[in-house]
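Me: Please take a close look at the nonpolar interior of this protein chain, and set it against the charges, the overall form and some residues elsewhere in the chain.

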Amino acid sequence: MVKHIVLYTFKEGVNKDDAVQLIASVLEPLVGKIPGLLHMEIRRAFNGMDYALYSEFESREALTAYASHPLHIEAKGHFFHLLDSRVAADYDV
């Protein structure tokens, strides 16, 4: 299994609570729709970054496939313009 953690900041002027709610509403339902995506949660961060994405995948290959999956690309279209910066880490369990 692979754990995928991403921390984000929003662009200036973005309503952070509304943005996190939007992002969770389009990404979390992808569990069960994208092969190999086992779990996902989006939460507002309170120390440093604006929000955190935590997800679990069956394998590294599943994580790679997720990145270019059409449903993921479509979901990102709803919020990607709100993002300023991103830091990610992946690890095997």
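Reply: I begin with the charges: the protein chain carries 9 positive and 13 negative side chains, and the centres of the two sets lie 2 Å apart. In that count Lys and Arg are positive and Asp and Glu negative, while His and the chain ends are not counted; the place of each charge is taken as NZ of Lys, CZ of Arg, CG of Asp or CD of Glu. The model is a predicted one, in which local features need pLDDT of at least 70 and side-chain atom pairs count only at pLDDT 80 or more, whereas totals for chains, interfaces and linings use all residues. Residues are numbered from 1 along each chain as its sequence is written, and side-chain values use heavy atoms, with hydrogens and water left out.

Three helices and four strands make up the secondary structure of the protein chain, and from the N terminus on they follow the order β-α-β-β-α-α-β; helices (H or I, at least four residues) and strands (E, at least two) are DSSP runs, numbered from the N terminus. The C-alpha atoms fill a box of roughly 35 × 25 × 15 Å along the principal axes. The radius of gyration is 13 Å, which agrees with the value near 12 Å for a compact globule of 93 residues, where the radius is taken over C-alpha atoms and the globule rule is 2.2 Å times the number of residues to the power 0.38. Among contacts (heavy atoms within 4.5 Å) between residues at least 6 apart in sequence, 69% join residues at least 24 apart. The accessible surface comes to about 5,500 Å², and 54% of this belongs to carbon and sulfur atoms; these areas come from the Shrake-Rupley method with a 1.4 Å probe, and for residues only the protein chains shown count as cover.

Turning to the interior, 37% of the 93 residues are buried, where buried means under 20% relative accessible area, exposed means over 50%, and partly exposed lies in between (1.4 Å probe, protein chains only). The largest nonpolar core has 26 residues, and those with the most contacts inside it are Phe10, Leu27, Ile42, Tyr51, Tyr66 and Phe79. Two or more residues each are given to this core by β1 (2–10), α1 (16–27), β2 (37–44), β3 (51–57) and α2 (60–68), and the largest share, six residues, comes from α1. A nonpolar core here is a set of buried Ala, Val, Leu, Ile, Met, Phe, Trp, Tyr and Cys residues joined through side-chain atoms within 4.5 Å. In soluble globular proteins, nonpolar side chains tend to be buried together.

Leu27 shows the packing in detail: residues up to four places away in sequence aside, Leu27 touches Met40, Ile42, Leu53, Tyr66, His72, Ala75 and Phe79. One of these partners, His72, sits in helix α3 (residues 70–76) and counts as buried because its relative accessibility is 9%. With the same kind of sequence neighbours set aside, within four places, His72 is in contact with Leu27, Leu30, Ile34, Tyr66 and Ala67.

Other residues have greater accessibility values to consider. Arg43, in strand β2, is partly exposed, with a relative accessible area of 46%; beyond four places in sequence, Arg43 contacts Val20, Glu28, Tyr51 and Ala52, and the C-alpha atom of Arg43 is 9.9 Å from that of Leu7, 36 residues away along the chain. Val31, in the loop between α1 and β2, is partly exposed at 30% relative accessibility, and beyond four places in sequence Val31 contacts Leu37, Leu38, His39 and Met40.

Glu58 lies in the loop between β3 and α2 and counts as exposed at 53% relative accessibility, yet, neighbours within four places aside, Glu58 is in contact with Met1, Gly36 and Leu38. Met1, in the segment before β1, is partly exposed at 38% relative accessibility; with neighbours within four places again left aside, the contacts of Met1 are Leu38, Glu56, Phe57, Glu58, Tyr91, Asp92 and Val93.
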